[in-house]
Amino acid sequence: MEGKYSVDTISKYIINYCDEHFGGVSNLRLQKLLYFVQAQFIMDLDIAAFKEEIEAWSFGPVVPEIYRKYKIFGRDNIILNTNDDIKKYLFSFDDAINEEISKEDMHIIDKALKATADVSTAELVRVSHIQDPWKNAYKGENFFGSIIKKESIKKYFVG
């Protein structure tokens, strides 16, 4: 299943939305939100929000390239509008994608973000751990690269 946007585009939208509405987002939370946004797109449109793969890591679903891009922030909230040194680091990994998300698709992303707004990051991790897409893909702490297939997300959330 192909994705409609790049994960970088979706991530930046989520980061900006969370900055504006919730006071920010950490990398750990961003990873869970990407998973739930992906699920929302599949439920509403029968297509993926983004083409990149989600992997089953010990703290739940993770998109490795986004995790690596923002790991510089550690447990702190991700800041896109920051000093020039950090901007050079962050955007040296960008592939110059400048996609525009349609208003209809923004509503789908917003729906997923609003649904998770009052749920703690720890609870999002816990919830992702009890869902079949992560449970069926996870191979253990020392094993990376277990893909959570988009078809698995569709089967779990749509039926």
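**Reading helix packing around α2**

Visitor: Which residues in α2 meet which residues in α6?

Guide: In this predicted model, the α2 side of the contact consists of L28, R29, K32, L33, Y35 and F36, and they meet T121, L124, V125, V127 and S128 in α6. By residue type, this contact divides into seven nonpolar, two polar and two charged.

Visitor: How should I describe the way two packed helices sit against each other?

Guide: Two values do the job: the angle between the axes and the distance between the axes. Here, α2 covers residues 27-45 and α6 covers residues 121-130; their axes come within 10 Å and cross at roughly 45°. The term for α2 and α6 is therefore oblique, and their crossing is left-handed.

Visitor: And what are the angle and the axis distance for α2 and α5?

Guide: Helix α5 is residues 103-116, and it packs with α2 at an angle of about 125°, the axes being 9 Å apart. Angles of 65 to 115 degrees would count as roughly perpendicular and those over 145 as roughly antiparallel, so α2 and α5 are oblique to each other. Their crossing is right-handed.

Visitor: Which residues make the contact between α2 and α5?

Guide: From α2 come R29, L33, F36, V37, Q40, F41, D44 and L45. They meet D105, I108, I109, K111, A112, L113 and T116 in α5. This set divides into nine nonpolar, two polar and four charged. You can find R29, L33 and F36 in the α5 contact and again in the α6 contact.

Visitor: Let me look at a loop residue. Is S6 buried or exposed?

Guide: S6 lies in the loop between β1 (3-5) and α1 (7-22). Its relative accessibility is 1%, so S6 counts as buried; the cut-off for buried is under 20%. Try picking F50 as well: S6 and F50 are 44 residues apart in sequence, yet their C-alpha atoms are 5.1 Å apart in space.

Visitor: Now the whole chain. How many helices and strands does it have, and in what order do they run?

Guide: There are eight helices and five strands. Starting at the N terminus, the order is β-α-α-β-β-β-α-α-α-α-α-β-α.

Visitor: What share of the residues is buried, and what supplies the exposed area?

Guide: Of the 159 residues in the chain, 45% are buried. The chain exposes about 8500 Å², with 51% of that supplied by carbon and sulfur atoms. One last value concerns contacts between residues at least 6 apart in sequence: 75% of them join residues at least 24 apart.

Definitions and conventions. Residues numbered from 1 in each chain as written. Predicted model: local features only at pLDDT ≥ 70, side-chain atom pairs only at ≥ 80, totals over all residues. Heavy atoms only, no water. Axes fitted to C-alpha atoms, helices over the stretch in contact; angles between N-to-C directions. Helix = DSSP H or I, 4+ residues; strand = E, 2+ residues; numbered from the N terminus. Parallel < 35°, antiparallel > 145°, perpendicular 65-115°, else oblique. Left-handed = near helix turned anticlockwise from the far one by under 90°. Contact = heavy atoms within 4.5 Å. Nonpolar A, V, L, I, M, F, W, Y, C, P; charged D, E, K, R; others polar. Buried < 20%, exposed > 50% of the residue type's maximum accessible area, 1.4 Å probe, protein only. Areas by Shrake-Rupley, 256 points an atom, 1.4 Å probe, with all protein chains shown as cover.
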